[in-house]
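Subject: Structure handover

Hello,

Here is the structure I promised to send over. Please open it first, then read my notes below.

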Amino acid sequence: MTTVDTPPAVTSFLAREHGLFIGGGWRPGETGQRLVSTDPATGKPLATLARGGPGDVDAAVTAARAALADPAWRDLTPLQRGELLHRLAELVEAHADELALIESLDNGKPVSVARAVDVTTTAKLFRYFSGWPSKFEGSTIPLSPRGGRRILNYTVHEPIGVVGAIVPWNFPMSMASWKLAPALAMGNAVVLKPAEETSLSTLRLAELFAEAGFPPGVLNVVTGQGSVVGAAIAAHPGVDKVAFTGSTEVGRLVTIAATGNMKKVSLELGGKSPHIVLPDADPKAVAAAAADAIFFNQGQTCTAGSRLYVHSDIYDDVLSALVDQANRIVVGPGHDPASEMGPLVSARQLDTVKSYVESGLEEGATLETGGSRPAGLDDTYAGGYFLEPTVLTETTHAMRVVQEEIFGPVLVAMRWTEVDDLIGKANDTPYGLAAGLWTNDLTQAHRIAAAIKAGTVWINCYNLTDPASPFGGYKQSGWGREMGRGVLEQYTETKSVWVNLS
């Protein structure tokens with residue numbers, strides 16, 4: 001593995017005693033306790049940050065409510081709000097290499113992925129939503145009121161208020177931006193809780209917020225445990241909406257907590273996405289795409305193409321090419337430019353993923369490749385959370401590895417012959433986040449896409465997103481949509497105004 005020097009700016013950032021960003025300034029947190037951020041490649045401490053408590057959440061909500069009433073934020077014109085977001089996008093791009101390395105060290109993903117996906121997506125989100133404040137219009141509505149009255153009826157969109165944003169560890173900065181960009185574009189204030197495993201890039205992003213010129217209290221970041229800080233945000237009576245991305249299990253808890261003051265809730269949850277291959281597809285091209293769909297970001301992606309359904313006519317060819325592709329993936333520390341797949345985010349996640357592999361084998365699956373620690377890693381990374389790209393075959397829908405979200409680099413592959421049976425199996429999970437389909441037969445492509453119960457269907461591509469396109473799931477994959485014009489409805493209240501002109 002290549003030895004990589006950490007730039008002084010990143011070294012200095014990691015060495016800080018990171019606090020909470022509340023009301024435009026940094027504070028240590030009410031508990032005085034610290035969380036340790038661990039480098040997944042080594043298992044050693046990377047940085048420390050404040051372990052927030054309920055009192056810190058209360059202070060952050062107070063600061064956010066004050067910001068909503070502050071003319072410095074409340075009275076900004078739509079164009080001025082857009083200019084702040086555009087300035088933030090420029091700052092993210094200016095610090096792209098630094099942000100990517102911080103994300104890679106904290107999360108484990110290859111720095112090339114952090115640079116191309118996480119940082120680029122973050123900048124794109126702020127730039128895209130910077131155009132919406134001046135364009136999300138109300139409407140005038142022709143009415144037929146009783147008594148023949150002449151009525152002018154129009155609608156306006158107003159900020160929903162204080163948004164509690166709770167984000168996961170797989171794409172820490174970009175997932176935060178999925179929520180921050182539309183929430184701030186619509187004039188809200190935000191209390192953000194990053195994942196306790198991966199808070200560092202979000203803390204650096206908070207510094208860029210201040211540099212961009214956002215008024216104090218518009219963004220507040222409270223680090224800490226989900227069971228403490230996340231729960232306090234979800235239940236806080238001063239929070240008007242919770243936007244959550246994470247597991248379906250935790251999403252249920254967030255929903256229950258939010259009922260106290262009937263706050264709005266949007267949820268982007270888990271997935272068990274089917275990746276479907278028709279007999280006319282090119283086996284080698286499909287194998288490369290299927291490998292990327294599951295092994296990208298170490299399989300720690302809610303849309304991961306974790307269930308591969310290949311038509312029997314080309315199943316053997318696809319599997320052979322797929323196993324070859326998996327065996328050629330370079331696994332190593334994320335900050336090494338040679339690495340194509342990094343470690344899993346934590347020891348707990350590694351144990352969880354390995355337990356699924358063991359479960360599949362116990363239930364009769366065949367291990368085609370992977371399942372172990374990669375060979376060739378030097379002693380520096382002996383404590384890292386690495387796992388080879390793993391492919392299981394001879395799997396059935398009765399197995400846990402087929403039904404449950406693994407959130408790791410584990411693919412289950414199955415044959416199919418009849419389209420109707422395929423569609424039934426593709427929909428046979430509690431989830432409905434995404435699906436992929438490979439074919440040159442447009443009739444079949446559209447038929448299957450229409451029948452799949454998922455919020456996103458990719459045809460002859462996979463894992464593409466864009467700020468302009470809505471993203472979200474069916475069934476237990478969540479409520480509402482991220483991105484696109486539609487997400488703005490989730491960060492505003494619509495007011496109907498009636499004016500009697502008679």
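C461 is partly exposed, at a relative accessible area of 22%. C302 is buried, at 13%. Please keep in mind that this is a predicted model.

**Cysteines**

I started with the sulfurs. A disulfide is a covalent bond between the sulfur atoms of two cysteines. The count here is 0 disulfides. C302 takes part in none, and its nearest cysteine sulfur, that of C461, is 16 Å away. Why is there no bond from C461? The closest cysteine sulfur to that of C461 belongs to C302, and 16 Å is too far for a bond, because the cut-off for a disulfide is 2.5 Å.

**The seven-stranded sheet**

An open sheet is built from 7 strands. Their order is β14-β15-β16-β13-β12-β18-β19, with mixed pairing. The edges are β14 (366–369) and β19 (456–459). Each has a single partner strand, so one side of each has no neighbour in the sheet. On average, neighbouring strands are turned by 25 degrees against each other, direction ignored.

At the β14 edge, the partner is β15 (residues 390–393). The two strands run antiparallel and are joined by 3 bridges. Within this pairing, L367 stands opposite L392 of β15.

Two helices to look at here:

- α11 (residues 283–295) packs on the sheet. It touches β12 (274–277), β13 (307–311), β15, β16 (410–416) and β18 (434–438). Its direction makes about 180 degrees with that of β12.
- α15 (residues 419–426) lies across β12, β13 and β16. It runs at about 175 degrees to β13.

**The three-stranded sheet**

Another open sheet has 3 strands, in the order β1-β5-β4. Its pairing is mixed too. β1 (17–18) and β4 (34–39) are the edge strands, and each pairs on one side only. β4 pairs with β5 (residues 44–50) in the antiparallel sense, over 6 bridges. V36 stands opposite T48 in β5. Helix α8 (residues 200–212) packs on this sheet and touches β1, β4 and β5. The direction of α8 makes about 45 degrees with that of β5.

**Helix α10**

Which residues of α10 (residues 248–258) are buried? They are T248, G251, V254, T255 and A258. Seen down the axis of α10, these buried residues fall within an arc of 105 degrees, so they line one face of the helix. The face turned away from that buried side carries the exposed residues E249, L253 and I256. The cover over the buried residues of α10 includes α9 (226–235), β10 (241–245), β11 (264–268), β17 (431–432) and β21 (478–479).

**Aromatic pairs**

A pair of aromatic rings is described by the distance of the centres and the angle of the planes. The whole structure yields 11 aromatic pairs. One of them is F21 with W26, with ring centres 5.0 Å apart and planes at 50 degrees. That pair is tilted, because planes under 30 degrees apart would count as stacked and planes over 60 as edge-to-face. How accessible are its two members? F21 counts as buried, at 5% relative accessibility. W26 counts as partly exposed, at 40%.

F209 and F214 also form a tilted pair. Their centres are 4.9 Å apart, and 45 degrees separate the planes. Both F209 and F214 are buried. Ring pairs also link W73, F126, F209 and F214 into a cluster.

**Backbone: positive phi**

Most residues other than glycine have a negative phi. Here are two to check against that:

- Q298 is not a glycine, yet has a positive phi of about 60 degrees. It sits in the loop between α11 and β13. Q298 counts as buried, with 0% relative accessibility.
- N463 is not a glycine either, and its phi is positive, at about 60 degrees. N463 lies in the loop between β19 and β20 (474–475). Is N463 buried or exposed? It is buried, because its relative accessible area is 18% and the limit for buried is under 20%.

Best wishes

Notes: Residues numbered from 1 in each chain as written. Predicted model: local features only at pLDDT ≥ 70, side-chain atom pairs only at ≥ 80, totals over all residues. Heavy atoms only, no water. Buried < 20%, exposed > 50% of the residue type's maximum accessible area, 1.4 Å probe, protein only. Helix = DSSP H or I, 4+ residues; strand = E, 2+ residues; numbered from the N terminus. Arc of directions from axis to C-beta. Contact = heavy atoms within 4.5 Å. Pairing = 2+ DSSP bridges. Axes fitted to C-alpha atoms, helices over the stretch in contact; angles between N-to-C directions. Phe/Tyr/Trp six-rings, centres within 6.5 Å; stacked < 30°, edge-to-face > 60°.
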